[in-house]
Amino acid sequence: MIDEISAAQNVFLLLGSNLGDRLQILKSAEMLIEERIGKIQSASSIYETAPWGVLDQPAFLNQILIVSTGLLPEEVLRMVLEIEHELGRVRYERWGARVIDIDMLYYQDLVLDSARLTLPHPRLHERRFTLVPLNEIAPDFIHPLLQKTTSQLLQECSDPGAVVIISTNNTNSDF
């Protein structure tokens, strides 16, 4: 399998942490992503968000990164899992507390459904903690299956979870 493609693609990553020094963990993840996956084109502000799925756990810090990469989607996934492991991620419970979580939301406008990876992320349109930071940096990006912009998806989202900005970022852009 070829691990790289000829032209750079934009991959949208959601970072989350609700254990340990959450802010430092996000910064460490960001550094490792830039080293191993590609150049960060845009980064949302950091938001404190209510837990989703399993509610009896600490609040999360979340951030969206748009990364330019020459890696194929499966290779990005492999790198993401390695970074999570390196930063101390242990998988105990689905949607449970974790040191770091890195989800691939989009890989450009690719639609993929394999045994290991589904793109776009199948629940991104249901989660305010994803849509609010995504709307900050890519309000006009069109979901390739739902054919709606991020702004439209956010307006339609029924998730009541709190999403509060705690740190602004100056590397925002419109995608």
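## Salt bridges in a predicted model

Colleague: How many salt bridges does a search of the whole structure find?

Modeller: This is a predicted model, and side chains of opposite charge can pair when their charged atoms come close. A search of the whole structure for such salt bridges gives a total of 6.

Colleague: Is Glu-156, which forms a salt bridge with Lys-148, buried, partly exposed or exposed?

Modeller: The relative accessible area of Glu-156 is 48%, and the class in between runs from 20% to 50%. Its partner Lys-148, whose closest N and O atoms to Glu-156 are 2.8 Å apart, has a relative accessible area of 29% and is partly exposed. Because its value of 48% falls in that class, Glu-156 is likewise partly exposed.

Colleague: Which helix holds Glu-86, the residue that meets Arg-36 in a salt bridge?

Modeller: The side chains of Arg-36 and Glu-86 meet with an N to O distance of 2.9 Å. The pair links distant parts of the chain, 50 residues apart, with Arg-36 in helix H1 (residues 22-36). Arg-36 is partly exposed at 27%, and Glu-86 is partly exposed at 47%. The helix that holds Glu-86, covering residues 73-86, is H2.

Colleague: Which residue is linked with Arg-78 and Glu-82 in a network of salt bridges?

Modeller: Glu-82 and Arg-78 meet in a salt bridge of 2.4 Å, N to O, and both lie in helix H2, 4 residues apart, about one turn of the helix. Glu-82 is partly exposed, with a relative accessible area of 33%, while Arg-78 is partly exposed with 35%. The residue linked with these two in the network is Glu-75.

How values were computed. Residues are numbered from 1 along each chain as its sequence is written. This is a predicted model: local features need pLDDT of at least 70, side-chain atom pairs count only at pLDDT 80 or more; totals for chains, interfaces and linings use all residues. Side-chain values use heavy atoms; hydrogens and water are left out. A salt bridge is a side-chain nitrogen of Lys or Arg within 4 Å of a carboxyl oxygen of Asp or Glu. Helices (H or I, at least four residues) and strands (E, at least two) are DSSP runs, numbered from the N terminus. Buried means under 20% relative accessible area, exposed over 50%, partly exposed in between (1.4 Å probe, protein chains only).
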